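I opened my notebook today to see how the strands and domains of one protein fit together. Here is what I looked up, step by step.

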Amino acid sequence: MPRTAIVGTGHWVPARVVTNDDLTELMDTSDAWIRERTGIEERRWVESGTTGADMAVRASRMALEDAGLAASDVEAVVLATLSPDHFFPGTGVFVARELGLGTAPAIDLRAQCSGFVYGLQVSDALIRTRQYRTILLIGVEIQSTGLDVSTDGRDMAVLFGDGAGAVVLQATDEEGRGVLSTHLHAEGEFAEILWGDAPASWRHPRISREDFEQRRIYPSMVGRDVFRHAVTRMPEVVGEALEANDLGTDDIDLLIPHQANLRISQMVQKRLGLSDDQVFNNIRKYGNTTAATIPIALSEAVREGRLGRGDLVCFTAFGSGFTWGAALLRW
Ligand code: ACO
């Protein structure tokens, strides 16, 4: 059975930098509050007119170039986002169209902050069962247009950013390379702890004046509950992945946790007993870009020379749903 290797990485973030100080002009907040609680210093927000597909295409082109492959080599697209450009169809078909992928299938996946790890499991299964040899896996998010940037929405608005990350996955028979295992979980009991209520297909019409008036169009979160579950579930599922492969935390060369909040990542690191050089964080520059955090961080880690052939890489994520997961791979 072939294994799945990441043969190319890429990312793209909008040029517009929004600093914490910029946010103080929109809402009652402060650079100190945001830094202390989240570790975020700035984030990127799209200019009006930039679509998620635009960002995903740029990240994908970078990943394809890195892999030394042409778009025509891609046999399927798996795209994770919670902020599709349209209610339907999914963003994947727009990306495939722009890249000129002909009739290659586009699988859009909704697992919020865990989207990339969920997408990796789906892609890995498709590659290992020889359905496809080469898959483009993308995480992309436009959060900024959905946030309440007044003081009423400050608890959420300061956290999120926009961006895209992509990886090219390919079947490999190379010894000691590729995805070792992926481990996913979900617990719908907590669906409303972190969610976007509207638009809602079960209400008629799907979006109404009341949705605006009652602020249902904005995401909402019980921050402390999210924090508590995130710092429990991520170490737990990393442990599950290590155990499945008979490995220990010392074996991890680089952990790339979902960039939800620096305090969450630090707590996960502490609970796993990892050193600073075993963990990669870049939330300071981009905020939480949801499904895009891991592929953006991976792309940056690669370009910073943090990964060498054979290194043990671990991804872990936690987010709305709740959903969470981890993946282990040999670089
Ligand atoms: N600026 C200034 N003050 C604020 C802001 C803000 N942006 N947001 C909230 N506050 C105020 C609150 O109104 C509250 O004021 P009060 O005491 O007068 O009522 C005070 O700050 C404390 O608010 P808390 O919500 O109790 O703040 P807490 O210390 O819990 O920190 C935070 C909030 C950072 C969201 C924290 O709960 C957290 O880290 N949660 C994890 C959630 C997270 O990071 N989610 C990311 C997305 S989900 C994911 O990706 C997994």
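**Entry 1: what pairing means.** Before looking at any strands, I wrote down the rule: two strands count as paired if DSSP finds at least two bridges between them. I also noted that the model is a predicted one.

**Entry 2: β12 and its neighbours.** I then looked at β12 and strand β13 (residues 323–330), which pair in the antiparallel sense over 8 bridges. At one of these spots, Gly319 has Thr323 in β13 as its bridge partner. The two strands, β12 and β13, form a hairpin with 3 residues between them. In that turn I found Gly321, with a positive phi of about 145°.

Next I checked strand β11 (residues 254–257), which runs parallel to β12 and is joined to it by 4 bridges. Here Ile256 has Phe315 of β12 as its bridge partner.

**Entry 3: is β12 buried or exposed?** I asked this of the whole strand, residues 312–319. My note says mostly covered, with 8 of its 8 residues buried. In general, side chains in a regular strand alternate between the two faces of the sheet. So I listed β12 face by face: Leu312, Cys314, Thr316 and Phe318 lie on one side, Val313, Phe315, Ala317 and Gly319 on the other, and both groups are buried.

**Entry 4: an open sheet.** I moved on to a sheet of 5 strands, which is open, has mixed pairing and follows the order β1-β7-β6-β4-β5. Its edge strands are β1 (3–12) and β5 (106–109), each pairing on one side only. From one strand to the next, the twist averages 20°.

Inside this order, strand β4 (residues 76–80) and strand β6 (residues 134–141) run parallel and are joined by 5 bridges. Leu79 has Ile138 in β6 as its bridge partner.

Which helices pack on the sheet? One is α4 (residues 91–99), which touches β4, β5 and β6 and makes about 145° with the direction of β5. Another is α11 (residues 293–303), which touches β1, β6 and β7 (163–172) and makes about 90° with the direction of β1.

**Entry 5: two domains.** The protein chain is divided into domain 1 (3–172) and domain 2 (178–330). Their C-alpha centres lie 14 Å apart. I saw that 54 residues from domain 1 and 52 residues from domain 2 take part in the contact. The area buried between the domains is about 4200 Å², and carbon and sulfur atoms give 62% of it. I counted 3 salt bridges between domain 1 and domain 2.

Notes:
Residues are numbered from 1 along each chain as its sequence is written. This is a predicted model: local features need pLDDT of at least 70, side-chain atom pairs count only at pLDDT 80 or more; totals for chains, interfaces and linings use all residues. Side-chain values use heavy atoms; hydrogens and water are left out. Buried means under 20% relative accessible area, exposed over 50%, partly exposed in between (1.4 Å probe, protein chains only). Axes are lines fitted to C-alpha atoms, for helices over the stretch in contact, and angles run from 0 to 180 degrees between N-to-C directions. Contact means heavy atoms within 4.5 Å. Domain bounds come from an automatic or database domain assignment. Buried area is the accessible area (1.4 Å probe) that two parts lose on being put together, summed over both. A salt bridge is a side-chain nitrogen of Lys or Arg within 4 Å of a carboxyl oxygen of Asp or Glu.
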